[in-house]
Amino acid sequence: MGKSLGFIEISGVTAAVDALDIMCKTANVELVTWERKLGGRLVTLVVRGDVSAVTEAVEAAAAHAIKKPVAKAVIANPHPETERMVAISAARLSKGTQVIE
C-alpha cells in the first residue's frame, strides 16, 4: 500500500460502515483506524493506499454514502508526526478489537 491517508468524518456508526464499504469496494485501500466521538454520533474513518486510490475512495464515499460526510480529506505523503498520531489511534483500536469472521 502507498503512503497516502484518507479521512472521512460522518454522522453515525451505520453510515461509517457504509462509507467504509464503499471506499474498500471502490479502490485498493485498507482501514487503518476509526474513532468515535460524541457517543458515536461522529465517526472518523482513516484509510491508507496510493494517492489515486485514496482520492477515488474518499470521493466515492462522499458521493454515495447514506449520509453526507461532515468532513473529508486526503493527505499525500503524510508527515511522520501525522503518521504517529494515526498509529496511536490504531494501537488503541487493536487493544480491544475482536475480529468477526
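Here is a short round of questions and answers about the chain shown above. This is a predicted model, where local features need pLDDT of at least 70, side-chain atom pairs count only at pLDDT 80 or more, and totals for chains, interfaces and linings use all residues. Residues are numbered from 1 along each chain as its sequence is written, and side-chain values use heavy atoms, with hydrogens and water left out.

Q: What pattern of helices and strands does the chain follow along the sequence?
A: Helices (H or I, at least four residues) and strands (E, at least two) are DSSP runs, numbered from the N terminus. Counting them up gives 3 helices and 4 strands. Read along the sequence, they come in the order β-α-β-β-α-β-α.

Q: How many percent of the residues of the chain count as buried?
A: Buried means under 20% relative accessible area, exposed over 50%, and partly exposed in between (1.4 Å probe, protein chains only). The accessible surface of the chain comes to about 6,100 Å², by the Shrake-Rupley method with a 1.4 Å probe, where for residues only the protein chains shown count as cover. Carbon and sulfur atoms hold 56% of that surface. Of the 101 residues, the share that counts as buried is 40%.

Q: Which elements give two or more residues to the largest nonpolar core?
A: A nonpolar core is a set of buried Ala, Val, Leu, Ile, Met, Phe, Trp, Tyr and Cys residues joined through side-chain atoms within 4.5 Å. The largest one here has 20 residues, and those with the most contacts inside it are Ile8, Ile10, Ala19, Met23, Val29, Leu45 and Ala61. The elements giving two or more residues to this core are β1, α1 (13-26), β3 (42-49) and α2 (51-64).

Q: Which residues does the second, separate core include?
A: In soluble globular proteins, nonpolar side chains tend to be buried together. This chain also has a second core, separate from the largest one, with 6 residues. Among them are Phe7, Val32, Val86 and Ala90.

Q: What do the buried residues of α2 pack against?
A: Start with the helix itself: its expected span is 1.5 Å times one less than its number of residues. For the 14 residues of α2 that should be 20 Å, and the end C-alpha atoms are 20 Å apart, which agrees. Buried in this helix are Ala53, Val54, Ala57, Val58, Ala60, Ala61 and Ala62. The buried residues of α2 pack (contact means heavy atoms within 4.5 Å) against β1, α1, β3 and β4 (71-76).

Q: Is Ser4 buried or exposed?
A: Ser4 sits in strand β1 (residues 4-11), and its side chain reaches the backbone oxygen of Ile75 at 3.3 Å. Beyond its neighbours within four places in sequence, Ser4 touches residues including Val47, Asp50, Val54 and Pro78. Its relative accessibility is 0%, so Ser4 counts as buried.

Q: How far apart in space are Ile75 and Gly6, C-alpha to C-alpha?
A: Ile75 belongs to strand β4 and, at 30% relative accessibility, counts as partly exposed. In sequence, Ile75 and Gly6 are 69 residues apart. In space, C-alpha to C-alpha, the distance is 6.3 Å.

Q: Which residue forms a salt bridge with Arg48?
A: A salt bridge is a side-chain nitrogen of Lys or Arg within 4 Å of a carboxyl oxygen of Asp or Glu, and the structure holds 7 of them. In this one, the closest N and O atoms are 2.9 Å apart. Arg48 lies in strand β3 and its partner in helix α3, so the pair ties together parts that are 35 residues apart in sequence. Arg48 is partly exposed at 22%, while the partner is buried at 16%, and that partner is Glu83.

Q: Which helix holds Arg92, the salt-bridge partner of Glu35?
A: Arg92 and Glu35 have their closest N and O atoms 3.5 Å apart. The pair links distant parts of the chain, 57 residues apart, with Glu35 in strand β2 (residues 30-37). Arg92 is in helix α3 (residues 80-95).

Q: Which residue has a side chain joined to that of Ser89 by a polar contact?
A: Ser89 lies in helix α3 and is buried, with a relative accessible area of 6%. A polar contact is a pair of N or O atoms within 3.5 Å; within protein, one must be able to donate a hydrogen and the other to accept it, and residues adjacent in sequence count only if both atoms are side-chain atoms. The contact here is 2.9 Å, and the partner of Ser89 is Thr33.
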